Amino acid sequence: MLDYDEEARRYDASRGGEPRARAAADAVERLLPGGPCVVLDIACGTGIVTERLRRPGRTMVGVDRSPGMLGLAGRRMPGGVVRGDATGLPFAAASVDAVVIVWLLHLLPDPEAVLAEAARVLRPGGVLITTVDKNDAYFTEDSDIGRITAELRHRYAPLVSDSSARVFAAAADLGLEPTGRTEFPGIGQGRSPRKWCEAIDAGLISWCTHASPDQVADVRRQLAALPDQDVARPDPQYRFAALDLKA
């Protein structure tokens, strides 16, 4: 896992910056309850999304365990951030109306522990909003790259901790039920065929690391033969799921 203290200063710029943060916040907004409420953003990072969710009558609180990240988040939200771990939140049970989790579950071997903490701090009737299925984001829309890579992706896709199936199964055990979904674009993050080849060569594509060298070489040859080698294909479409805690 990244050293987020070290990564903090370049984190936003390397992940879509203000445009992607705005798109993510707009998507979360579509799933949040209306009216006065307390919203907890778990693993808020630099606060670039959290600050965009502030509204009159809505109290936003960001929590993160990285001092480097919280230093930046604190500048965006003075007095609105707390240091803490997602598996042991420094909040009382049934104390918030909504919990937001953006790009955390896919990093964890045990997302169930984080979901349990989120359910603990939610009031009955509250909502948990989390990203899911991050690995599928680049292939939501049809593309030549998606068609070429489909067989390897489907055959060798690793088990991931943020899959909708796993998240919903764990949520059901906690009294959380799915009530809504939405998507948002990873603005400017679409990859060209050349960029896909570079990512494969660098060992960054999980389903290629599980396939045989011959299979990977064949896919890479097909990618390298595509037209418009430096033209980015569609931006990834990231997914949010909303789950309500039964009253």
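Trainee: How many disulfides does the structure hold?

Mentor: Zero. A disulfide here is a pair of cysteine sulfur atoms within 2.5 Å. The model is predicted, with local features needing pLDDT of at least 70 and side-chain atom pairs counting only at pLDDT 80 or more, while totals for chains, interfaces and linings use all residues. Residues are numbered from 1 along each chain as its sequence is written, and side-chain values use heavy atoms, leaving out hydrogens and water.

Trainee: Why is Cys 197 in no bond with Cys 208?

Mentor: The closest cysteine sulfur to that of Cys 197 is in Cys 208, 9.6 Å away, which is too far for a bond.

Trainee: What makes Cys 197 buried or exposed?

Mentor: Buried means under 20% relative accessible area, exposed over 50%, and partly exposed in between (1.4 Å probe, protein chains only). Cys 197 has 3%, so Cys 197 is buried. Cys 208, at 7%, is therefore buried as well.

Trainee: Which residues of helix H7 are buried?

Mentor: In H7 (residues 193-201) they are Pro 193, Trp 196, Cys 197, Ala 199 and Ile 200. Helices (H or I, at least four residues) are DSSP runs, numbered from the N terminus.

Trainee: How do you know on which side of H7 they lie?

Mentor: They cover an arc of only 160° around the axis, so they are on the same side of H7. The arc is taken over the directions from the helix axis to the C-beta atoms.

Trainee: What follows H7?

Mentor: Gly 203, with a positive phi near 75°.

Note on methods: Helices (H or I, at least four residues) and strands (E, at least two) are DSSP runs, numbered from the N terminus.
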